[in-house]
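Let's get to know a new protein by working through a few exercises. Have a look at the picture, try each task yourself, and then read on for the worked solution.

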Amino acid sequence: MTKSHELVPVADRGAIPIAKMRTVFRVDDVEKRLAKLPPKEHETLRSTYERMLEKGPERFQVKPAGVPAMDHLYDELPNFHEVLDDVKRQLALCEDSRDALEITPMLLLGPPGVGKTHFAREVAQLLGTGLGFISMSSLTAGWVLSGASSQWKGARPGKVFETLVDGAYANPVMVVDEIDKARGEHAYDPLGALYSLLEHDTAHHFTDEFAEVAIDASQVIWVATANDERAIPEPILNRMNVYQVHMPDRDAARAIALRLYASIRASHDWGARFDPQPAEAVLDRMSELAPREMRRAWMTAFGNAKLDGRGTVEVRDLPEPSTKRAPIGFVH
């Protein structure tokens, strides 16, 4: 299960990335804050400052050396072509210049299981940078992005600070998953920090409320996912490119299912005992599932076939879908 926040190292795929170093905080700011701490107090804050000084302020700022190979993504994610086209255009602008990679914040709107979070991970893989992940559905406090004041019991830095300070990259992909499910407590607004973080100019000097040290979050690549845009404040929507992501149609869903079958079969020793391709009837049944459900369905089917002593997956091996796929298209 994915934790509410994780740092995921990823490797490049396609064009070899170009890396330079970027300073994400000022060492003297940290030293001044550390010197002002009373002895034997604020141990968590002291540890944070010491960790910052130990790791140093420089992080890799990477971008592909050219427009990376993306054909595999167009094949694997047939319902994300519009988003991929936009990413490719923005990559092309900086490929032969000294400019940093700039990707306009993205909001992916679509029904559950359509592959929005998987797409965000693939973008991080494509760019050869890190990945920070925040699941807004499991978080209620307003400080998850920006930290809580060290005066509060149990306070800690926010996710943006942790991703930049503890990670290796100045321009990680930051996924805000299920942004429409963000819940606040009392006066806390879980999305409040995004107003400045999504603006390139103000993100240069983003101050985490716990550490109270300005960090440069201007290079972060933001990808948010949601099922319903009506729950998202208009100022957030205005700062992002909004994409409607539809469920793949029948032919695209069959193609996704077929690639998954081949991938699972090739990555396991036991896969050689199964037919190179599944039957048409099996693919037809698989096309009724959301992309997120397909891998689990294949694993169940492989197991059932094995228990029955067969190397051919049959329709009866597939699990009964708990719910039918949503209609093609986005439904409010």
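**Exercise 1.** Find where Asn171 sits, and decide whether it is buried or exposed.

*Solution.* Start with the address: Asn171 belongs to the loop that runs between helix 6 and strand 6. Keep in mind that this is a predicted model. Next, check the accessibility: Asn171 has a relative accessibility of 2%, so it counts as buried, the cut-off being under 20%. Now see what the side chain does: it reaches the backbone oxygen of Val62 at 2.7 Å. Finally, look around Asn171: leaving out residues up to four places away in sequence, it touches Phe60, Gln61, Val62, Thr129, Gln219, Val220 and Ile221.

**Exercise 2.** Work out how enclosed helix 6 is, and which residues of helix 2 it meets.

*Solution.* First, list the buried residues of helix 6: Lys159, Val160, Phe161, Glu162, Thr163, Leu164 and Val165. That makes 7 of the 8 residues, so helix 6 is largely enclosed by the rest of the structure.

Then turn to its partner. Helix 2 (residues 43-55) packs against helix 6 (residues 159-166) at an angle of about 35°, and their axes are 10 Å apart. On the helix 2 side you'll find Thr48, Arg51, Met52 and Lys55, and these meet Phe161, Val165 and Asp166 of helix 6. Sort the residues of this contact by kind and you get 3 nonpolar, 1 polar and 3 charged.

**Exercise 3.** Explore the largest nonpolar core: how many residues does it have, and which element supplies the largest share?

*Solution.* Begin with the count: the largest nonpolar core has 42 residues. Tyr49, Leu107, Val160, Ile179, Leu194 and Trp222 have the most contacts inside it. Several elements supply at least two residues each, among them helix 1, helix 2, strand 4 and strand 9. The largest share, 4 residues, comes from helix 6.

Zoom in on Ile179 next. Not counting residues up to four places away in sequence, its contacts include Leu107, Met136, Leu191, Leu194 and Ile236. And don't stop there: a second, separate core has 31 residues, including Tyr74, Phe80, Val223 and Val245.

**Exercise 4.** Describe how Trp298 pairs with Tyr261 and with Phe302.

*Solution.* You'll want two values for each pair, because a pair of aromatic rings is described by the distance of the centres and the angle of the planes. The structure holds 8 aromatic pairs. Take Tyr261 and Trp298: their centres are 5.0 Å apart and their planes are at 65°, which makes the pair edge-to-face. Tyr261 lies in helix 10 (residues 250-266) and Trp298 in helix 12 (residues 291-307), so the pair ties together parts that are 37 residues apart in sequence. Both rings belong to buried residues: Tyr261 has 0% relative accessibility, and Trp298 has a relative accessible area of 0%.

Now take Trp298 and Phe302: with centres 6.3 Å apart and planes at 35°, this pair is tilted. Trp298 and Phe302 both lie in helix 12, 4 residues apart, about one turn of the helix. Put it together and you get one aromatic cluster, made of Tyr261, Trp270, Phe274, Trp298 and Phe302.

**Exercise 5.** Step back: how many helices and strands are there, and what percentage of the residues is buried?

*Solution.* The protein has 12 helices and 10 strands. Of its 332 residues, 48% are buried. Lastly, consider contacts between residues at least 6 apart in sequence: 77% of them join residues at least 24 apart.

Note on methods: Residues numbered from 1 in each chain as written. Predicted model: local features only at pLDDT ≥ 70, side-chain atom pairs only at ≥ 80, totals over all residues. Heavy atoms only, no water. Axes fitted to C-alpha atoms, helices over the stretch in contact; angles between N-to-C directions. Contact = heavy atoms within 4.5 Å. Nonpolar A, V, L, I, M, F, W, Y, C, P; charged D, E, K, R; others polar. Core = buried A, V, L, I, M, F, W, Y, C linked by side-chain atoms within 4.5 Å. Buried < 20%, exposed > 50% of the residue type's maximum accessible area, 1.4 Å probe, protein only. Polar contact = N/O pair within 3.5 Å; in protein donor to acceptor, adjacent residues only side chain to side chain. Phe/Tyr/Trp six-rings, centres within 6.5 Å; stacked < 30°, edge-to-face > 60°.
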